[in-house]
Amino acid sequence: MVVTTLTQHWKMLLQRIFRAVIMGPPGSGKGTVSGRIVKSFGLMHLSSGDLLRANIKAKTELGLLMKSCIDQGQLVPDDVISRLILTEMRNIDQSSWLLDGFPRTVSQAESLDNVCSVDTVINLDVPYQTIKQRLTSRWLHLPSGRVYNIDFNPPKIAGLDDVTGEPLIQRDDDTPETVTRRLKAYENQTRPVLEYYRSKGVLETFSGTETNKIWPHIQALLSKKLSLQN
Ligand SMILES: Nc1nc2c(ncn2[C@@H]2O[C@H](COP(=O)(O)OP(=O)(O)O)[C@@H](O)[C@H]2O)c(=O)[nH]1
Ligand SMILES: Nc1ncnc2c1ncn2[C@@H]1O[C@H](COP(=O)(O)OP(=O)(O)O)[C@@H](O)[C@H]1O
C-alpha cells in the first residue's frame with residue numbers, strides 16, 4: 001500500500017518534468033532564446049556547444065580530440081557527443097530542462113529517445129543570409145555561454161561581459177568559410193532530425209529574421225505547455 005502510494009507520488013513528480021529541445025541552424029539564435037527561456041521559465045539549460053568548448057578550454061582529452069573537428073565546421077562523432085550529453089543530463093534529470101544543440105543527427109535523437117521522450121522541440125527557422133551576417137559579429141563569454149552581437153545586443157563595455165566584466169572572445173569557427181561548412185552539415189545531417197520530430201508530433205517551428213519578433217510566440221507556447229503540465 002505504502003509502496004503503491006510512493007510509486008504514484010514519483011510518477012506524478014516525473015510527469016511534471018518538462019523536456020524541451022531547441023533546434024535551428026548555427027546562428028539562428030538558439031543560445032539567445034535559451035537564455036530567455038531559462039530566465040522566464042526556469043528550465044535547466046544544457047548546451048552541447050558550451051560543453052565542448054569548456055572541454056577544449058580545460059584541455060581535456062576529449063576537448064583536444066574534438067577541437068579540429070569543430071574548427072573545421074564538422075559535427076563531432078555521434079557516440080562521443082551522445083555519451084557526453086547523456087552523462088551530463090544525469091545532473092539535471094530531476095528538473096525540467098532544455099537541450100540546446102543536441103540532438104543534431106537522427107542517430108543522436110534515437111539515443112535521446114532511448115533515455116526519455118521529448119515534450120516539445122522548438123525549431124528556429126532563420127534564413128541563411130541573416131545568419132551569415134550575425135555570426136561575423138558574434139562575441140561570446142566562454143565560461144557562461146552568454147552571447148553578444150555588435151549590432152543586436154552589444155555588451156555595455158566593448159569586449160567585456162556585462163555580468164562578470166571578463167573578456168569576450170570570437171569563436172574560431174565563426175569565420176565565413178567555416179560558417180558555410182557548418183550550414184552544409186546542418187542541411188545534410190541535422191535537417192532530417194526535424195522530420196523525425198515532426199512525425200512524433202512535437203515539432204514547433206518559428207520563422208523569422210528577428211529574435212525579438214519570434215520570442216513572444218515561443219513565450220506564449222511555453223506558457224501554455226507549462227501551465228497544462230502542472
Ligand atoms: N542582428 C541580430 N542578431 C541576433 C538576433 N538574435 C540573435 N542575434 C545574435 O546572433 C548571434 C547568433 O545567436 P546565438 O544565440 O549565438 O545562435 P546559435 O548559434 O543558434 O546558438 C549572436 O551574436 C546573437 O547575439 C537578432 O534578432 N538580430
Ligand atoms: N550535437 C552535436 N553533434 C555533433 N557536433 C556538435 C553537436 N553540438 C555541437 N557540436 C560541435 O560544436 C560546434 C559548435 O556548436 P554550437 O555551439 O551548438 O554552435 P552553433 O549552433 O552556433 O553551430 C558544432 O559546429 C559542432 O562541431
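Trainee: Which helix gives the most to the shell around ligand 2?

Mentor: That is helix 3 (residues 48–57), with four residues. Helices here are DSSP runs of H or I with at least four residues, strands are E runs with at least two, and both are numbered from the N terminus. Please keep in mind that this is a predicted model, where local features need pLDDT of at least 70, side-chain atom pairs count only at pLDDT 80 or more, and totals for chains, interfaces and linings use all residues, while side-chain values use heavy atoms, leaving out hydrogens and water. Residues are numbered from 1 along each chain as its sequence is written, with chains lettered from A and ligands numbered from 1 in the order in which they are written.

Trainee: What makes a residue part of the group around ligand 2?

Mentor: One of its heavy atoms must lie within 4 Å of the molecule. There are 19 residues around ligand 2, and K30, S48, R53, Q74 and G101 come nearest.

Trainee: How do you know that R53 makes a polar contact with ligand 2?

Mentor: A polar contact is a pair of N or O atoms within 3.5 Å (within protein, one must be able to donate a hydrogen and the other to accept it, and residues adjacent in sequence count only if both atoms are side-chain atoms). An N or O atom in the side chain of R53 is 2.8 Å from an oxygen atom of ligand 2, so the pair qualifies. Backbone atoms join in too: a polar one of G101 is 2.9 Å from a nitrogen atom of ligand 2. Taken alone, ligand 2 exposes 550 Å², and the protein buries 96% of that. Such areas come from the Shrake-Rupley method with a 1.4 Å probe; for residues, only the protein chains shown count as cover.

Trainee: Why is K30 called buried?

Mentor: Buried means under 20% relative accessible area, exposed means over 50%, and partly exposed is in between (1.4 Å probe, protein chains only). K30 has 10%, so it is buried. Its place is in helix 2.

Trainee: And why is L75 called partly exposed?

Mentor: Its relative accessibility is 23%, so L75 falls in the class between buried and exposed. L75 is found in the loop between helix 4 (61–71) and helix 5 (78–89).

Trainee: Which residues come nearest to ligand 1?

Mentor: They are G27, T32, R138, Y148 and T211, out of 18 around it. The side chain of T32 has an N or O atom 2.6 Å from an oxygen atom of ligand 1. For the side chain of R138, the corresponding distance is 2.7 Å. The protein buries 90% of the 580 Å² that ligand 1 exposes when taken alone.

Trainee: Where does UniProt place the feature "binding site"?

Mentor: The unreviewed entry puts it at ten positions in my list here: G27, S28, G29, K30, G31, T32, R138, V147, Y148 and T211. Although spread over 185 residues of sequence, they cluster in space, with a largest C-alpha distance of 14.4 Å. UniProt annotations use the numbering used here with shortened feature names, and may be inferred rather than shown by experiment.

Trainee: How many disulfides are there?

Mentor: The count is zero, where a disulfide is a pair of cysteine sulfur atoms within 2.5 Å. As for individual cysteines, C69 counts as buried because its relative accessibility is 14%, and C116 is buried because its value is 13%.
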